[in-house]
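Subject: Structure handover

Hello,

Please find the structure below, followed by notes on what was found in it.

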2 protein chains.
Amino acid sequence: MPSPSQAPAAAHPPLQPQPTSLRASLHDRGQRLTPQRQRVLGLFEGLGEGRHLSAEEVHQRLLGAQARVSLATVYRTLRLLSSMGLLQELELPEGGRRFELAGDAHRDHHHLVCVRCGRTEEFENPQVLAAGEAAASGHGFRLVECVLNVRALCPGCIAND
Amino acid sequence: MPSPSQAPAAAHPPLQPQPTSLRASLHDRGQRLTPQRQRVLGLFEGLGEGRHLSAEEVHQRLLGAQARVSLATVYRTLRLLSSMGLLQELELPEGGRRFELAGDAHRDHHHLVCVRCGRTEEFENPQVLAAGEAAASGHGFRLVECVLNVRALCPGCIAND
DNA sequence: CCTTCTCAATAGGCCTTACTCTTGAGAAGC
DNA sequence: GCTTCTCAAGAGTAAGGCCTATTGAGAAGG
């Protein structure tokens, strides 16, 4: 068995959990998480800042990435993700319709969680994003998003200690 | 319905996912993840550095935290967690047996994951730990561990882009 | 040309069932 | 006194069934 930390040569690339929890968003609408939907969204997440793609481009890139997704599904998925607010539709005057990732806002969005009672606080910290950028570029990666999970004891549980 | 981000008044405190994935470790041994096991391990994680507890102390603290766990289960669980290497047994000359969290080593242990192909790299960065400490103390929390997940595109996928 | 629709085949995921690991209480061991 | 054992009740979770959302291929619409 090959090392689980390495990329497979080809075939079906493994899928990663989505940041916004695509799973949950779909679930709320009574819809299902499928490999195709994950791949389309993942494709946009992997793009550099502000880049947009047409349906045909999405289709071609997925085929190039060894992910067999039909064109009809690409169109359906783009429409779905747009209606969910995850993608934004652009109407370029010259070309046709294009899509880009919506809400590229909080790329560093962190959590402080009490290990005892579960209380959760959120915070932001640009230094964390900087550390993420450093680690990414240090390994030749291009950063998409970074999330810091701080496990801790909250004031109430410390008092109760 | 109360805010999900706040600690419940009492009763059964919610449980958090374990860092080392207690779930997986148990599963490999054909054993199950139970609230009692999570609570005992969580109790040790919430302790300050190098602190140790006797079985009776564990029992009392759990009762104090509104977690009804029988003494027999405390003993069984301490033995189990020790055999799994998550706790370490101390034989103090004066008192009786005591336990402490083993491998308090990597409290800042981070991941770089390719959103396209799933390739994963690990790295460490003391600045992240510092940011975690800052966030924790800023909110009155006491840090236990912090994990940074950097979602990115790996060199191979960038080339294939 | 670009996009949506049709429809049979596929598969995500909820639910139920069953198995056996765990727990709680108290007795027993050391 | 501290720790482990006994055993019936309880609960985690793997497996299988089922329902229906989703997909792929190609035709149809604009």
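A residue is near a molecule or strand if one of its heavy atoms lies within 4 Å of it. Of the atoms of DNA strand D within 4 Å of the protein, 71% belong to sugar or phosphate, and bases make up the rest.

Before going further, some conventions. This is a predicted model, in which local features need pLDDT of at least 70 and side-chain atom pairs count only at pLDDT 80 or more, while totals for chains, interfaces and linings use all residues. Residues are numbered from 1 along each chain as its sequence is written, chains are lettered from A and ligands numbered from 1 in the order in which they are written, and side-chain values use heavy atoms, with hydrogens and water left out.

Chain A

Chain A has six helices and five strands (DSSP runs numbered from the N terminus: helices are H or I with at least four residues, strands E with at least two). Along the sequence their pattern is α-α-α-α-β-β-β-β-α-β-α. The chain has 161 residues, of which 45% are buried (buried is under 20% relative accessible area, exposed is over 50%, and partly exposed is in between, with a 1.4 Å probe and protein chains only). About 8400 Å² of chain A is exposed, and carbon and sulfur atoms supply 50% of that area (areas come from the Shrake-Rupley method with a 1.4 Å probe; for residues, only the protein chains shown count as cover). Taking contacts in chain A between residues at least 6 apart in sequence, 50% join residues at least 24 apart (a contact means heavy atoms within 4.5 Å).

DNA strand D

The residues around DNA strand D number 22, and the closest are Arg37(A), Thr73(A), Arg76(A), Arg32(B) and Tyr75(B). By class they divide into six nonpolar, seven polar and nine charged (Ala, Val, Leu, Ile, Met, Phe, Trp, Tyr, Cys and Pro count as nonpolar, Asp, Glu, Lys and Arg as charged, and the others, Gly among them, as polar). Helix H2 (35–46) and H4 of chain A, with helix H1 (22–28) and H4 of chain B, each supply at least two residues of this surface. H4(B) has the largest share, four residues.

Three polar contacts can be picked out here (a polar contact is a pair of N or O atoms within 3.5 Å; within protein, one must be able to donate a hydrogen and the other to accept it, and residues adjacent in sequence count only if both atoms are side-chain atoms). An N or O atom in the side chain of Arg76(A) is 2.8 Å from a base nitrogen of DNA strand D. Phosphate oxygens of the strand lie 2.9 Å from a polar backbone atom of Arg32(A) and 3.2 Å from a polar backbone atom of Leu33(B).

DNA strand C

Around DNA strand C there are 22 residues, with Arg32(A), Tyr75(A), Gln31(B), Thr73(B) and Arg76(B) coming nearest. Sugar and phosphate make up 71% of the atoms of this strand that come within 4 Å of the protein. The side chain of Arg76(B) has an N or O atom 2.8 Å from a base nitrogen of DNA strand C. Phosphate oxygens of DNA strand C are 3.0 Å from an N or O atom in the side chain of His27(A) and 3.0 Å from a polar side-chain atom of Thr34(B). Two or more residues of this surface come from each of helix H1 (22–28) and helix H4 (71–83) of chain A, and helix H2 (35–45) and helix H4 (71–83) of chain B. H4(A) gives the most, with four residues.

The nonpolar core

The largest nonpolar core has 38 residues, and Leu148(A), Val150(A), Leu148(B) and Val150(B) touch the most other members (such a core is a set of buried Ala, Val, Leu, Ile, Met, Phe, Trp, Tyr and Cys residues joined through side-chain atoms within 4.5 Å). Strand S3 (110–114), helix H5 (126–138) and strand S5 (142–153) of chain A, and strand S3 (110–114), helix H5 (126–138) and strand S5 (142–153) of chain B, each supply at least two of its residues. Not counting residues up to four places away in sequence, Leu148(A) touches residues including Phe123(A), Val128(B), Cys146(B) and Leu148(B).

Individual residues

Asn125(A) lies in the loop between strand S4 (120–123) and H5 of chain A, and counts as buried because its relative accessibility is 13%. Its side chain reaches the backbone nitrogen of Gln127(A) at 2.8 Å.

Gln66(A) is not a glycine but has a positive phi, near 65°. The loop between helix H3 (55–64) and H4 of chain A holds Gln66(A), which is partly exposed at 43% relative accessibility.

Regards
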